[in-house]
Amino acid sequence: MSQQAPYTVHEKYTFAPRRMRIVMIGAGVSGIYMGIRIPQVLSDVDLVIYEKNASMGGTWHENKYPGCACDVPSHRYSYSFEPNPDFPNYYSDSDALEAYFTGVAKKYGVEKYVQFETAVTSASWDEDSGKWNLKLSGPQGDFVDTCDVLLNGSGILNAWKWPDIKHLNDFRGALLHTAKYDRTIPLEGKRVAVIGSGSSGIQVVAAIQPKVAHLGTYIRSPTWIIPPMNTDFAPKNADGTPDYRYSPEQRERFKTDPKAVGCRRITPGIGYLESLVKDNVECIFGGISHFTATGIVDEKGVERPYDVIICATGFDVSFAARFPFVGREGRELDAAFGTNPKSYLSLAYGGYPNHFVFNGPSSPIGNGSVLPCIESEGEYMIKCIRKMQAQDIKSMCVKDPAVEEFATHTDAFMPRMVWTDNCRSWYKANGTGRVTALWPGSAYNFITAIEDVRWEDYDYTYLDSGSRFSYLGQGRSMEEMYDIDISGYLEARLNLTAGHPALAEASATTKANGLNGH
């Protein structure tokens, strides 16, 4: 049996960061944020962001269907460090949001870290090296890469799918999907069908109703619509609906008076209910039997002809990986995982070392504005990377019991929330009815819960198997190594004169005695 080499002291200062290669998947909102923050706060890192599209912006680059807009007021759907007083609407459309996020990315030089039109096709963990082995496909063909840390910001709503309806390809007209929409297809004067009454379908119907000759909207399940809010402050359109466009005077005011911007979470259906009662709109309730060459046959056997069919039928939201993704001991984020996904605080998976995910299972994607949450997730990951760098950590992997116990708490808490009601929802795992997408609490609760990393919930391996304290090195700090003044440590580092209960009590007693003396 071979003996382990004797441990030797590493010739470096304490907490000297080791060089690490970080790969970020996706240049959407999360990827842009990390492209800004990692170069700012971490040293000795090589960062690359792989983006499958030809541009940044993520969901706001991909989704260009009529009426596509955010359901959070514009001024609360922006980075905290880069507020935008010049949003044109209360609810910004996809073009305005793509312009905002790509503009922020350009301002902070994110593009130099991005390789466009490059998709990760597989990822596997190598225990010996403590690295992720990646296969990718780009403009120049297939290639491989390795990284110490893999960050996944590919998003939830990025794998769109056609509806599972018979004879889909028999239709000879224009067949469109909201997530892959072709703006060159004319709708004016056409007979158009919209399949689906989720958020995308609602927006499409309201946007195209005034321009089409006839609109058939296929509604399988009931949908809750919140009435427009802040209508007292919004001007009115000709039909009496609120006009949420900002006037030039309002936009100028926002630039000079930030307090003028509102901050309430709303799920808008602006103009949707009004559209449903127009003469050129027909609501078809129930399922669809099949497509024909010229239209759609509903579950009652009624065929209706259409020139254009728009499928607002959503995405694969199973949380299964879109490519072979193999972790420690052969674990996979496959279809089986996707049927009942579990995470650690939405940020990590058991058996996947040095891997963190934005908005994984049980994340606050429906609990409030997601932008502050994404920033908090990014800061959590940066803390973990900094620890790995500074303490010679080869791998950190969340413990399986931590994953299971978080799921236990989430499942016990969810009946307190509306998400568990008996309805069809992509927030729930298919077949189980378990709410897998949402955080068990408020968005603010999520931010506070992950502010401090629970290091005890992770297992670690170290670069030097002889001692986990190899990072102590020569026993001197960076300041001592480079003759930087350290005398400040001799000065007072705590201020106990403000707020200490004993001092406050003494001060109150003194004041009381003084009053009694009068």
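**Close-up views of a predicted model**

**View 1. A loop residue, Thr 294, and its neighbour in space.** Thr 294 sits in the loop between β12 (288-291) and β13 (295-298). Strands here are DSSP runs of E with at least two residues, helices are DSSP runs of H or I with at least four, and both are numbered from the N terminus. This is a predicted model, in which local features need pLDDT of at least 70 and side-chain atom pairs count only at pLDDT 80 or more, while totals for chains, interfaces and linings use all residues. Residues are numbered from 1 along each chain as its sequence is written, and side-chain values use heavy atoms, with hydrogens and water left out. Is Thr 294 buried or exposed, or partly exposed? With a relative accessible area of 40%, Thr 294 is partly exposed. Buried means under 20% relative accessible area, exposed means over 50%, and partly exposed is in between (1.4 Å probe, protein chains only). Thr 294 and Asp 307 are 13 residues apart along the chain, and their C-alpha atoms are separated by 7.4 Å.

**View 2. Two helices, α1 and α8, cross.** Look for helix α1 (residues 29-41) and helix α8 (residues 370-390): their axes come within 10 Å and cross at roughly 40°. That angle makes α1 oblique to α8. Each axis is a line fitted to C-alpha atoms, for helices over the stretch in contact, and angles run from 0 to 180 degrees between N-to-C directions. Angles under 35 degrees count as roughly parallel, over 145 as roughly antiparallel, 65 to 115 as roughly perpendicular, and the rest as oblique. The crossing of α1 past α8 is right-handed. A crossing has this hand if the near helix is turned clockwise from the far one by less than a right angle, and is left-handed if anticlockwise.

**View 3. Glu 375 and Tyr 380 in helix α8.** Glu 375 belongs to helix α8, and so does Tyr 380. Glu 375 is buried, with a relative accessible area of 10%. Tyr 380 also counts as buried, at 1% relative accessibility. Which residue lies 7.8 Å from Glu 375, C-alpha to C-alpha? The partner is Ser 30, which is 345 residues apart from Glu 375 in sequence. Tyr 380 and Glu 451 are 71 residues apart in sequence but 6.8 Å apart in space, C-alpha to C-alpha.

**View 4. Salt bridges join parts of the chain.** Side chains of opposite charge can pair when their charged atoms come close. A salt bridge is counted when a side-chain nitrogen of Lys or Arg is within 4 Å of a carboxyl oxygen of Asp or Glu. How many salt bridges does this rule give? The count comes to 20 salt bridges. One salt bridge joins the side chains of Asp 148 and Arg 18 (3.8 Å, N to O). Asp 148 is in the loop between β6 (141-147) and β7 (149-152) and Arg 18 is in the segment before β1 (20-25), so this pair ties together parts that are 130 residues apart in sequence. Asp 148 is buried at 5% relative accessibility, and Arg 18 is buried with a relative accessible area of 14%.

**View 5. Arg 21 pairs with Asp 145.** The side chains of Arg 21 and Asp 145 meet in a salt bridge (2.8 Å, N to O). This pair links distant parts of the chain, with Arg 21 in strand β1 and Asp 145 in strand β6, 124 residues apart. Arg 21 is partly exposed at 26% relative accessibility, whereas Asp 145 is buried with a relative accessible area of 12%.

**View 6. Glu 82 pairs with Lys 107.** In this salt bridge, the closest N and O atoms of Glu 82 and Lys 107 are 2.9 Å apart. Glu 82 lies in the loop between α2 (59-62) and α3 (94-107), while Lys 107 lies in helix α3, 25 residues apart. Glu 82 counts as buried at 15% relative accessibility, but Lys 107 is exposed, with a relative accessible area of 55%.

**View 7. Two residues with positive phi, Glu 117 and Asn 359.** Most residues other than glycine have a negative phi. Glu 117, in the loop between β3 (114-115) and β4 (119-126), has a positive phi near 50°. Glu 117 is partly exposed, at 47% relative accessibility. Asn 359, in the loop between β17 (355-357) and α8, has a positive phi of about 55°. Asn 359 is buried, with a relative accessible area of 12%.
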